[in-house]
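Dear colleague,

Here is the structure I said I would pass on. My notes on it follow below.

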Amino acid sequence: MEPKSIEALTFEEALAELETIVAQLEAGDLTLELSLALFERGQKLASRCNIQLEQATLRIEQLTADGEIIELPSP
């Protein structure tokens, strides 16, 4: 089964996959090639999580005086 594209993952899905990758890399029983591939995907997942956190922060910062959230356009 092909992994879901990183852009299609929710924050929770990306974080869970990143945690799985870290555990696999820490176990140390992978080939160099697989380790590098997992590391690269992990870097992309971490970047995706950071972007999603930044977007959430922006939404919070966009609160109006009466507490309503101003919807920001999707990226």
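Q52 counts as buried because its relative accessibility is 15%, under the 20% cut-off. The model is a predicted one. Q52 sits in helix α2. Leaving aside neighbours within four places in sequence, the contacts of Q52 are L9, T10 and F11. With F11 there is also a polar approach: a polar atom of the Q52 side chain lies 3.3 Å from the backbone nitrogen of F11.

F11 is also where helix α1 begins, since that helix covers residues 11-27. For its 17 residues, a rise of 1.5 Å a residue predicts a span of 24 Å, and the end C-alpha atoms are 24 Å apart, so the two agree.

Which residues of α1 are buried? They are A14, L18 and I21. Viewed down the axis of α1, the buried residues fall within an arc of 65 degrees, so they line one face of the helix. The general background is that an α-helix has 3.6 residues a turn, so residues three or four places apart point the same way. The partner of this buried set is α2 (32-61), against which the buried residues of α1 pack. α2 is also the helix that holds Q52.

The other side of α1 carries exposed residues, namely E12, E19, E26 and A27. Just after α1 comes G28, which takes a positive phi of about 75 degrees.

Regards

Notes
Residues are numbered from 1 along each chain as its sequence is written. This is a predicted model: local features need pLDDT of at least 70, side-chain atom pairs count only at pLDDT 80 or more; totals for chains, interfaces and linings use all residues. Side-chain values use heavy atoms; hydrogens and water are left out. Helices (H or I, at least four residues) and strands (E, at least two) are DSSP runs, numbered from the N terminus. The expected span of a helix is 1.5 Å times one less than its number of residues. Buried means under 20% relative accessible area, exposed over 50%, partly exposed in between (1.4 Å probe, protein chains only). The arc is that of the directions from the helix axis to the C-beta atoms. Contact means heavy atoms within 4.5 Å. A polar contact is a pair of N or O atoms within 3.5 Å; within protein, one must be able to donate a hydrogen and the other to accept it, and residues adjacent in sequence count only if both atoms are side-chain atoms.
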